[in-house]
Each structure stands twice: as structure tokens, then as C-alpha cells.
Amino acid sequence: MRPIYLDNNATTRADSAVVAAMLPYFLEQFGNASSAHAFGSEVAGAVKQARKSLQALLGAAFDHEIVFTSGGTESDSTAILSALDNQDGRDEIVTTAVEHPAILALVEYLRTSRGIKTHLIGVDSRGRLDIESYRRALGPRTAIASVMWANNETGTLFPVAQLARMARETGALFHTDAVQAVGKIPLDLKATEIDMLSLSGHKLHGPKGIGALYVRKGTRFNPLIRGGPQERRRRGGTENVPGIVGLGKAAELAVSLMDEEQTRVRALRDRLEQGILGIGHCFVLGDEQNRLPNTSNIAFEHLEGEAIIHHLNRAGVAASLGSACASGSMEPSHVLLAMNVPMKALRGAIRFSLSRENTVHDIERALQVLPEIIPKLRVSSPSWQEHAHVTASPSRSAELTS
Ligand SMILES: *Cc1c(COP(=O)(O)O)cnc(C)c1O
């Protein structure tokens, strides 16, 4: 039986319509978009069409505000480094403690190697940004404020329109890593003061290795990768045409299927979450009322996430630890640490992330196996045994240890 995939915040399957749209650009229309012959002009037209599809998805005012990159990580680096390089007298970064490593590793590098002052704004126990600290950190030295639109681990949404306005008022640029938000919630950049936005193809049923950076018209910009005149000299290198066409198709599909994220996917997520909460001694991490419709991060008390993932995997269900990026290391997730998640729950966090490809059957299957796995693991958890002895009535604890 094909495993059930509930790890869509790590990556998504490319839509078959995306793959079909890409194929001709390997074989028949293989031209270089910059070439002055028929091979080139056909391809340039396809790239333009993809740019328009992204413009529509983001609610951008102009298609030339879209710069194609190799993905979310490159877009994030480009935005931050561009802002530092072209704002005289402004050399500080304001960001959050819960960003993706694509931002955090970069700002840590800039801090240690270039002495760039970085303010990492904290969150509360529900993952909500400390807006007062953010306000205080912004100042005449701030080059850029960068706050993710949606957190990849908990799905918590940040009030980026408000945060962008606050940054603008102090003369700083505002960037948002919207890799998890794009395609899942409606966006309208025209109506905001966001200067730059990162997105990635493989998080919205597009191909891997392609992404985009939105750069508002008039924003001072320094390319990260210099070379030829591609992308209006904002990103050198021959365009990844099949990737760009695939991302364009993924954007088109996302626009037409957006309602489904808000209705069917959200209902499946809620059903899964309610079922899991019924197992007991677990709770939802993140801002429940203000989350992506597809994400549910659940802390199972007194358990090790690795063991849960392992047993789920054996039962044919793919989910991930609190963070896919933290897996492999034994460190608890930086996001959950920033939220001050209690010790007994910190290591047992599992992220379930759905997509429009999931069915009711998938959710039912997950809800069949989880209530078998969790109690079994608890029986062999020393921490649970201790807890059960301390809190349970004598008869109940006897039952548990027998
Ligand atoms: C996946 C992800 C990235 C990285 O995108 P890539 O295209 O894989 O480089 C950046 N930020 C967030 C929030 C992500 O979820």
C-alpha cells in the first residue's frame, strides 16, 4: 500500500498538470529565452506568461516585480543581502526567533562574520510575535525587517501587513518569507507595503529548484548573482525555463484551487486534529485561531517524536518531527524552544501537514493507527510511567504498570 503523505510543509508532489506543462520545454522548446531567433522568442513568451501567473497569485501590481530564483533559500538571501548593500547608514536586521534556517543561518553568518547587529524578536507560548519588541527594535539603523508570513512548523500566521507598515514608518525595508503561505491563503500585495517576498515552487505542487522573489517596483535592489542581463539584471544566469513554466502552472492551479485549501483541506486538518486530541495528553502547538489551513503540530506529552515518526512510518503514514529541518539532530526545534513549550512536551511534537491531494481515507487511516501507537509507546516511556504514578489514582496506576 502506498504510504499516506502528511508532510506537505517539507515538500509537495508536483501536480501532473505542472509536469505536463514543463515537458515541451525540455524537448521541443529548448531555446534560450535571450536568443534572437524563433527558438528564443517562443521561450521568452512562456517565461512572460509564468511571470503573469505569479503576479496574479500574489496580487502584485506589475509582472516585472517577479524575479525568478532557484528557490526559497536563494530568495531569502537575495532580499536580506540586497537591503544591507544599498541602504547607507542602515546596517541592522530585525527578524524573528522562529524563522526558517534560510533566514536564521544567514543572519547568524552576517552577525559573526560581518558584525551585523541582528534583533531576533521572540514569540509567546502560542507562537504569536511580540509586537512591542518588534516596534522597539526598529529604528534609524534598521536596513530590513524580515518576518515570515506563516511558520513552517506550526502554521502560525504573522500580521505581516501591519509589520510592513511599521517598518516603512521607520524607513526600513520589509521582507517576508512567504514560502509556506503562498498557495494556501489568498494574498494581495498591492494592498500592503511589503517590499519583498520569497516563495518556492516545491511547496505549492511545483518543481523543486525554482522559486521567486517579489521586489516592489521602485525598491532599491542589488543582485545576489551577477552575470548576464536576465531578469532585468536582477539575477544572472540562463533562465530555468522548464522550472519557470512549471512554477507558473503551479501558480495558476493555486489560484483556481485556493478555495479548496480554505474548505476541504481545512476540514480534513480539523478532523485529523480532533481525532488525535481524543487520544489524550496531547495539545496543539501554535496559534490555533490564526493558522494555515493545512498544518497541525501536536505535542504528545512524555514521548519522543522520533519514536512516533518511526512507528507511523512503519504503519504507512509519513509525518515529520516538529521541524523537518531539525530532524537528524537531537536538538529540540528552535521554534518550540522560542515558544517555551514545557519540557514534557518538547520532544514529542509531530507536524502533520496536508495538501489538496489528501483524502478522507488518508485521515481515517492516520486516525486508525495513531490511537494504537501512542498508548503503546507511553507504556514503555519512563517519563510517562513517572507521571502516571504521581498523578493517577492507585487503581489506575496499577492498571498501567501491570
Ligand atoms: C521550505 C522553506 C524554505 C526554503 O525553500 P527552498 O525552495 O527549499 O530553498 C524557506 N522558508 C520556508 C518558510 C520554508 O518552508
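The following exercises concern the ligand site and the salt bridges of a predicted model.

Residues are numbered from 1 along each chain as its sequence is written, and side-chain values use heavy atoms, without hydrogens and water. Local features need pLDDT of at least 70, side-chain atom pairs count only at pLDDT 80 or more, and totals for chains, interfaces and linings use all residues.

**Exercise 1.** Identify the polar side-chain atoms that approach the ligand, and state how much of the ligand the protein covers.

*Solution.* Step 1: Threonine 73 places a polar side-chain atom 2.6 Å from a ligand oxygen. Step 2: An N or O atom in the side chain of aspartate 177 lies 2.6 Å from a ligand nitrogen. Step 3: For histidine 202, the distance from a polar side-chain atom to a ligand oxygen is 2.8 Å. Step 4: Of the 380 Å² of accessible area (Shrake-Rupley method, 1.4 Å probe) that the ligand has on its own, the protein covers 87%.

**Exercise 2.** Locate the salt bridge between arginine 356 and aspartate 15, and determine which parts of the chain the pair ties together.

*Solution.* Step 1: A salt bridge requires a side-chain nitrogen of Lys or Arg within 4 Å of a carboxyl oxygen of Asp or Glu; in this pair the N to O distance is 2.9 Å. Step 2: Arginine 356 lies in the loop between strand E13 (349-353) and helix H13 (360-379), and aspartate 15 in the loop between strand E1 (4-5) and helix H1 (16-22), so the pair joins parts 341 residues apart in sequence. Helices (H or I, at least four residues) and strands (E, at least two) are DSSP runs, numbered from the N terminus. Step 3: Arginine 356 and aspartate 15 are both buried, that is, under 20% relative accessible area (1.4 Å probe, protein chains only).

Note on methods. A polar contact is a pair of N or O atoms within 3.5 Å; within protein, one must be able to donate a hydrogen and the other to accept it, and residues adjacent in sequence count only if both atoms are side-chain atoms. Buried means under 20% relative accessible area, exposed over 50%, partly exposed in between (1.4 Å probe, protein chains only).
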